[in-house]
Structures are given as C-alpha cells and as structure tokens.
Amino acid sequence: MVNKVKTARQAALTILEEVFLNGAYSNIALNQALLEIPLSSADQALVTEIVYGTVARKMTLEWYLSHVIKDREKLDSWVYILLLLSLYQIHYLDKIPAHAVVNEAAELAKARKKGSEKFVNAVLRGLLRDGVADIASIKRKNKRYSVQYSLPVWLVKVLIEEYGETRALAIFESLFLRNKASIRVVDLKCKEELKERLQAEDSLLAPTALVKSHGHFASHYLFEKGAITIQDESSQLVAPIMDVQGDEKVLDACSAPGGKTTHIASYLTTGQVIALDLYDHKLRLIEENAKRLGVADRVITKKLDARRVFETFGVDAFDKILVDAPCSGIGLIRRKPDIKYNKENADFTSLQKIQLEILDSVCQSLRKGGIITYSTCTIVSQENFQVVEQFLAAHPNFEQVKLEQNRRDILQDGCILITPELYGSDGFFISQFKRIS
C-alpha cells in the first residue's frame with residue numbers, strides 16, 4: 001500500500017513540475033500522465049486530488065511556506081514543489097495521516113537527492129508542530145482575500161467591483177468545490193435510461209445535460225459509441241438558444257474543440273455548420289467529435305482567423321452565426337485552476353478588442369433577419385456586457401435579442417450570465433443580436 005501511495009505522489013510531483021516549471025496546463029498534464037503511468041483507480045483519484053488541490057491553493061500554500069523558508073531561491077525547484085503538495089495534503093486532506101505524508105515526502109526527496117530529505121522532513125515536521133501562519137493577520141483586505149482564496153489581487157479587485165463583496169466572496173468560495181462531471185445526451189429519448197445507467201442527475205440548467213458529482217466519461221463505452229459527449233451544462237444552453245432550423249447555413253466562428261459545433265449540427269437536416277479554427281490539430285479534433293457523434297455530414301471545418309470571415313465568405317453567407325469568443329476564461333477557474341495565474345488573462349482591453357474585431361467581421365456576412373449569438377466562458381463585464389454595448393453602438397443595423405430562460409437568476413439586461421456559485425457549473429455568458437437592415 002505504501003509503495004502504491006508513493007507512486008501516486010511521485011506522479012503528482014512530476015505533473016506539478018510540468019505545470020509550475022514548464023507552463024503545462026494542469027488538466028492536460030494530468031490526463032497525459034494518467035494515461036502513461038499504471039495506477040489503480042484509487043491512486044488516480046489521489047493524484048488528481050493532489051494536483052488540482054495544489055494548483056488551486058498555490059498562493060495560499062506559498063504564503064504559508066514563506067513563513068518557514070528563509071530563502072526560496074536557494075531551494076531546488078522540485079523540493080519547493082514537493083513541500084507545496086505535501087503541505088496541501090497535511091492542511092486540506094483529513095483522510096491521510098500527516099505523519100505518512102511527511103515520511104513519504106522525505107523518501108521521495110531522498111530518492112531524488114540524498115541529503116535533501118533532512119530539510120524536507122524538518123520543514124514539514126515544523127509545520128505539524130507549530131501550525132501555519134494566520135491569514136487573518138493580513139491587514140489589507142484585498143491581499144487577505146488573495147491569499148485566502150489563492151486568487152491574484154487584480155482578480156479579487158475586479159470581481160468585488162463587479163459583484164459586490166458578498167457575492168464575490170461566494171464566487172471565491174465556490175471555486176474550491178469539486179467540479180461536477182457534465183455530459184450532453186445526444187438522443188434525448190434515451191435520457192432517462194442513460195440517467196439510470198450512469199446514476200446521474202438532471203442538470204438544473206440545461207435539459208440536454210446529465211451531471212454527477214464526479215466521473216470520468218471519456219473512456220466510457222457510451223462516449224465511444226456517441227450516445228453522450230462531455231460538455232459543461234452551461235455551454236449546452238447555446239445551441240438551443242440559437243433556434244437552428246434544419247436547412248440553415250450556420251457559422252461557428254471560434255469552434256474548437258467542437259462541443260457547440262456538434263450540438264448545432266444535431267439540429268440540422270439539409271443545412272450545414274462551417275466550423276473555423278486557427279490550428280490544424282484543433283480542426284481534426286472537431287472532425288473526430290463530429291464523426292463520433294454521427295453529424296460529420298453536416299459539419300465542414302476550415303482553417304481561418306475569425307477576423308477574416310467577411311473577406312473570405314462575403315455578404316449574406318450565413319443564416320445564423322455563433323461567436324464563442326476567445327476570452328480570459330475566468331469562468332473556468334474551478335475546472336482549470338491555472339487560468340488565474342496567467343497574467344495575460346488580466347488584459348481585458350486586448351481581449352475585448354479581439355472580440356469586437358471578430359464580431360465586426362462576421363456581422364457583415366450575416367443575412368438580413370439573421371442572428372449572431374455571442375458567448376464567452378468569462379464573468380467579467382469588460383468581455384461581456386461592454387462588448388454587447390459597443391457592438392450595438394457601432395452597428396445600428398443590429399438590435400439586441402432579449403433572451404428568456406426558466407431560471408430567472410441567470411438573466412441580466414437581456415443576456416444570460418451564469419456565475420460559478422449559482423449552479424456549480426462553469427461561469428458563462430450568452431447574448432444575441434439580430435440584423436434588422
């Protein structure tokens with residue numbers, strides 16, 4: 001049993017080195033490692049918990065360690081990461097005996113570099129004996145919330161300004177809850193049967209979705225045969241809102257990995273959806289998903305920057321257009337915790353410029369009476385409501401379509417805004433514009 005746990009922790013250390021030192025995405029690095037390293041399901045669960053937990057709590061853990069390590073720069077980077085993941089287990093996981101975590105951390109250190117185990121052992125035993133520093137001692141409020149919720153100060157400030165302190169804190173708290181497993185049922189006539197078979201629950205947001213507290217569906221035979229596909233429940237609202245008719249020509253301007261593309265295609269009969277992306281490997285992923293889900297005959301992929309739609313397709317080319325725009329991804333933090341440490345995501349001005357450039361190009365290729373659906377996986381108004389406002393101000397031949405939804409708490413100014421604390425889903429935004437002349 002000890003060897004198994006050691007192997008799991010060694011895997012976690014290797015993955016976290018990839019994430020923290022080489023800039024790998026935690027979800028991709030984790031999935032890749034779990035495919036390559038033979039581990040039991042229990043060990044896979046432990047690795048997943050350690051990796052996501054350490055990444056999600058990184059700033060908090062670093063603050064705790066800063067009180068007991070005098071010069072972090074003198075440490076080997078792997079030693080520091082080992083201390084982070086060990087402290088995460090000691091402080092946040094109550095099912096693992098603390099002494100076992102310390103002993104195994106020391107063994108990992110010894111195997112990597114003889115002598116380093118003494119330092120690792122001393123630091124961790126000191127933390128066990130004395131406890132960690134008190135976050136409440138931080139006097140500046142935004143700094144205190146930053147350390148407490150492991151969010152950069154700029155993001156704490158933005159969300160408090162946007163939502164007020166009470167709701168912002170509820171959002172911060174919600175980001176530590178385990179992300180639900182969410183799937184889209186391809187044939188809704190089979191939904192009740194699949195719900196029972198998978199022991200899942202109906203989504204409160206999307207009629208096409210089933211959710212579970214946890215689950216790995218990518219290797220499930222129902223996924224392979226195309227009966228289900230992995231898609232967050234919030235993003236499953238997009239295709240139904242578009243009200244796609246069977247014979248329409250639809251553009252998905254920013255389509256990879258193809259979840260919304262294939263959902264749109266499921267409503268088509270003689271129509272087609274043109275799916276754009278900048279990268280060949282992403283286009284292949286869309287094609288693979290379309291084939292698996294039985295809609296490949298209605299999906300055409302094209303390598304193209306969405307800002308060049310008009311010069312490529314010309315006027316009156318599409319009945320409906322989806323712009324699921326490149327964004328900061330702030331709504332995905334629960335699922336992809338490393339997003340919050342990417343400083344580029346703080347540049348909302350540059351992101352807004354790209355979003356408006358895409359809308360400006362695609363709107364010229366929409367037929368009169370046609371509708372653009374604009375969506376993002378962020379909850380920051382600079383990328384959402386401000387984009388809606390600026391697009392409409394610059395395009396008097398368009399009007400906003402006021403969206404309706406059963407869940408009234410996700411409606412705001414005629415748009416849909418889902419924040420992560422409301423339903424435990426991704427944060428998401430949807431709006432629509434109709435060409436009137």
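Helices here are DSSP runs of H or I with at least four residues, and strands are E runs of at least two. Counted that way, the secondary structure of this protein comes to 18 helices and 13 strands. Keep in mind that the model is a predicted one.

As for overall shape, the C-alpha atoms fill a box of roughly 75 × 50 × 40 Å along the principal axes. The radius of gyration is 24 Å, which agrees with the value near 22 Å for a compact globule, because that is what 437 residues would give. Of those 437 residues, 53% count as buried. Sequence-distant contacts feature heavily too: take the contacts between residues at least 6 apart in sequence, and 71% of them join residues at least 24 apart.

Turning to the surface, the protein exposes about 20400 Å², with carbon and sulfur atoms supplying 50% of that area. On the charge side, there are 57 positive and 55 negative side chains, and the centres of these two sets lie 4 Å apart.

One sheet can be followed strand by strand. Four strands make up an open sheet, ordered S2-S3-S1-S4, with antiparallel pairing. Its edges are strand S2 (201–202) and strand S4 (228–230), each of which pairs on one side only. Strands of a sheet pair through backbone hydrogen bonds, in either a parallel or an antiparallel fashion. Strand S1 (residues 181–185) and strand S3 (residues 209–212) run antiparallel and are joined by four bridges. Within this pair, Ala181 stands opposite Lys212 in S3.

Note on methods. Residues numbered from 1 in each chain as written. Predicted model: local features only at pLDDT ≥ 70, side-chain atom pairs only at ≥ 80, totals over all residues. Heavy atoms only, no water. Rg over C-alpha atoms; globule rule 2.2 N^0.38 Å. Buried < 20%, exposed > 50% of the residue type's maximum accessible area, 1.4 Å probe, protein only. Contact = heavy atoms within 4.5 Å. Areas by Shrake-Rupley, 256 points an atom, 1.4 Å probe, with all protein chains shown as cover. Lys, Arg positive; Asp, Glu negative; His and termini not counted. Charge placed at Lys NZ, Arg CZ, Asp CG, Glu CD. Pairing = 2+ DSSP bridges.
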